[in-house]
Amino acid sequence: MLALALSLHTLAAPEVTVVDSRRAAQIDQEPDNWLLHGRTYNEQRYSPLTQINPKTIDGLGLAWYFETGTVRGMEATPIVVDGRMYVSGPWGVVFALDAKTGEKLWYFDPAVDKSRAIYACCDAVNRGVAVWGDRVFVGTLDGRLVAINASTGEKVWDVLTIDLDKPYTITGAPRVIDGKVIIGNGGADFGVRGYVGAYAAEDGKELWRFYTVPGNPADGFESDVMAEAAKTWSGEWWELGGGGTVWDSMTYDEELHQLYVGVGNGSPWNSYMRSPEGGDNLFLSSIVALNPDTGEYIWHYQETPGERWDYTATQHIMLADLPIAGEQRQVLMHAPKNGFFYVLDRRDGKLISAKPFARVNWASHIDLETGRPIFNESANYRDEPQFTLPSMTGAHNWHPMAFHPEHQLVYIPVIEQGYEFSANPTFAYEGPVHTGVALTEGRFDPLMYRALQQVANIGSIVAWDPVAQSERWRIDFDHSWSMSMLATAGNLIFQGTRDSGLHAYRADNGEPVWQGETQIAVMAPPITYRVDGEQYVAVAAGLGGSIGNFGASSGQHTGSKGRVLAFKLGGNVPLPRKMPDAVLPEPPELYATDAQLDQGAMLYGGLCSRCHGLGAQSGGMVPDLRYMSDETHRIFDAIVVGGIHADRGMAGFSKHLTVAQSGLIHQYLISEMIALQELRETPAWWNQIKLWLFKSLIRFSS
């Protein structure tokens with residue numbers, strides 16, 4: 001009977017079909033599929049499907065869900081090819097699913113060295129796979145590019161794309177152009193030199209590599225372009241890596257046969273340290289156009305010269321033809337971290353227009369003649385701290401935006417958040433945080449932190465008119481961050497949110513029309529596809545990434561784990577019953593003085609908070625340390641210093657911490673456990689009054 005069941009399953013599984021250059025060139029004629037990262041090469045994340053629309057959406061319900069088994073962040077865009085879905089998870093694992101039923105067809109584990117999570121700035125996430133021929137391609141956190149047989153899930157080839165002696169990682173999705181698999185990497189926060197490379201889909205052979213910042217002049221430059229870029233740097237920048245990693249956005253222009261890559265931040269962030277005599281520091285925070293056949297430079301546009309705030313240009317790059325001043329122009333649209341919306345002529349990179357889509361104070365405007373920003377005084381934090389808008393999280397982070405060609409609107413997931421930047425006078429590349437900016441961590445009042453979350457940080461969907469360079473309408477949320485977007489011809493936009501839901505709005509005016517329950521926060525981009533005449537909307541759910549640092553609720557304590565969910569008209573599949581909140585353990589004895597707790601808080605802020613959250617309020621991607629078990633308390637130093645859990649992604653810090661310092665961190669965490677316990681024991685009405693007072697104080701002071 002088992003053999004018969006397996007045979008029937010094999011017959012029922014969707015057949016693997018080949019994706020090649022011919023099919024890729026006509027991809028917009030396949031509305032049933034989601035073949036590329038942004039559906040089509042122009043990365044508009046727009047679908048012509050209309051079965052689900054404002055008139056029918058009341059009937060939208062859950063068709064199926066698939067549990068991934070992880071509590072770490074899910075950021076991948078699923079790829080759907082003729083009824084087969086391929087979606088990646090943390091570390092670079094890949095699931096193949098039946099897109100109609102959610103049934104698992106195969107699972108691939110790249111066996112990543114999880115100790116390299118120490119070099120991942122923002123969780124061990126993965127933003128997706130690419131397909132070409134009969135293969136699926138994925139990048140892994142430990143810097144490999146892997147080809148997988150689409151039918152069987154078996155590895156075909158595996159190539160290392162980085163130097164393992166340096167703190168590189170890969171979290172971005174590859175792109176494939178005419179049989180060339182393009183992949184970049186991350187690590188600019190830790191002292192690396194950025195580059196992007198192409199590898200043959202057939203065997204993984206490296207075909208070309210383009211460095212985004214110059215190396216040591218004594219070693220010679222790879223090209224005249226790098227020699228010219230070096231003139232915009234000073235000092236011995238190469239000793240500090242330079243940065244400029246291509247960790248996410250890449251877009252292929254079929255019409256002009258150009259590859260556009262978004263280049264990341266400087267290494268370190270503080271430009272006064274990496275390039276003490278100033279300079280633009282090319283190609284940091286730039287969009288660079290390359291020949292996809294050879295990797296040769298074509299043009300560039302730098303959005304933030306002398307980048308010093310982690311203002312990456314690695315956000316979603318989108319192509320369109322727009323009517324500009326009475327003329328149809330081939331344009332590139334970009335809403336990077338720095339808060340300005342750029343429209344460029346993609347033939348030569350010339351600036352057409354740029355206006356702020358969020359609150360900005362580092363520059364007054366962009367000069368349309370020179371294409372350069374006009375800096376404000378608040379841009380300079382060399383001598384004294386400066387409160388700057390946007391913060392290092394950006395006005396727009398990695399979450400993709402979407403474009404609706406009928407309404408001529410770009411839907412931007414906007415973050416309104418500032419940060420006080422201050423130079424770090426004791427900077428040195430000695431630990432896993434290498435920004436060159438003073439990062440501080442205080443002991444947190446949980447209620448004050450919630451007040452800051454609700455008042456100081458705002459998340460929004462902004463419907464932006466790229467021709468008029470103005471906001472058409474917006475939706476504001478009562479929390480920070482705003483997640484990834486999808487637009488459809490059914491006059492809808494979809495977005496997952498931190499409140500454990502998938503939401504739909506009218507694309508023309510932003511009117512909310514539907515909400516689907518996911519039980520866990522959704523960061524990843526929704527997609528839509530059609531199987532057997534039925535339209536589905538699917539999304540990967542699971543909180544993590546940099547937002548995990550902000551203590552967002554993720555469902556971690558309710559038993560929810562990462563999952564993929566698909567909705568269709570008439571769907572009625574129930575989600576599993578949510579588990580009750582975990583019991584807060586009794587904290588051990590607190591013996592540290594206030595001064596020692598402050599030291600522990602500073603050490604935690606520098607080494608631990610980027611994974612375990614500010615104020616130890618984990619977003620769920622890793623264990624919430626306020627819920628440590630007696631066993632974890634007992635072996636705390638062995639974990640933190642000794643690295644006994646390195647195989648789980650918790651590397652040891654023996655090179656950066658003494659046992660005594662580990663003890664200070666431990667005491668600080670115990671103090672946070674006590675603070676949470678006191679919060680829970682305080683009457684709810686009193687907490688609400690305190691929260692209102694805190695929020696009023698913050699509003700008054702700002």
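Rings of Phe, Tyr and Trp (its six-membered ring) pair if their centres lie within 6.5 Å; planes under 30 degrees apart count as stacked, over 60 as edge-to-face and the rest as tilted. This is a predicted model, where local features need pLDDT of at least 70, side-chain atom pairs count only at pLDDT 80 or more, and totals for chains, interfaces and linings use all residues. Residues are numbered from 1 along each chain as its sequence is written, and side-chain values use heavy atoms, without hydrogens and water.

**Exercise 1.** Find which residues the ring pairs link into a cluster.

*Solution.* Start with Tyr-301, Trp-309 and Tyr-311, which belong to the cluster. Then add Phe-340, Tyr-342, Trp-362 and Phe-375. Now look for a charge over a ring (NZ of Lys or CZ of Arg within 6 Å of the ring centre and within 35 degrees of the ring normal). Arg-308 lies over the face of Phe-375, 5.7 Å from the ring centre.

**Exercise 2.** Classify the ring pair of Tyr-272 and Tyr-381.

*Solution.* Count first: the structure holds 29 aromatic pairs. In this pair the centres are 5.9 Å apart and the planes stand at 75 degrees, so Tyr-272 and Tyr-381 are edge-to-face. Last, check exposure: both Tyr-272 and Tyr-381 are buried. Buried means under 20% relative accessible area, exposed over 50%, partly exposed in between (1.4 Å probe, protein chains only).

**Exercise 3.** Classify the ring pair of Tyr-604 and Tyr-668.

*Solution.* The centres of Tyr-604 and Tyr-668 lie 5.3 Å apart. Their planes meet at 50 degrees, so the pair is tilted. Tyr-604 and Tyr-668 are both buried.
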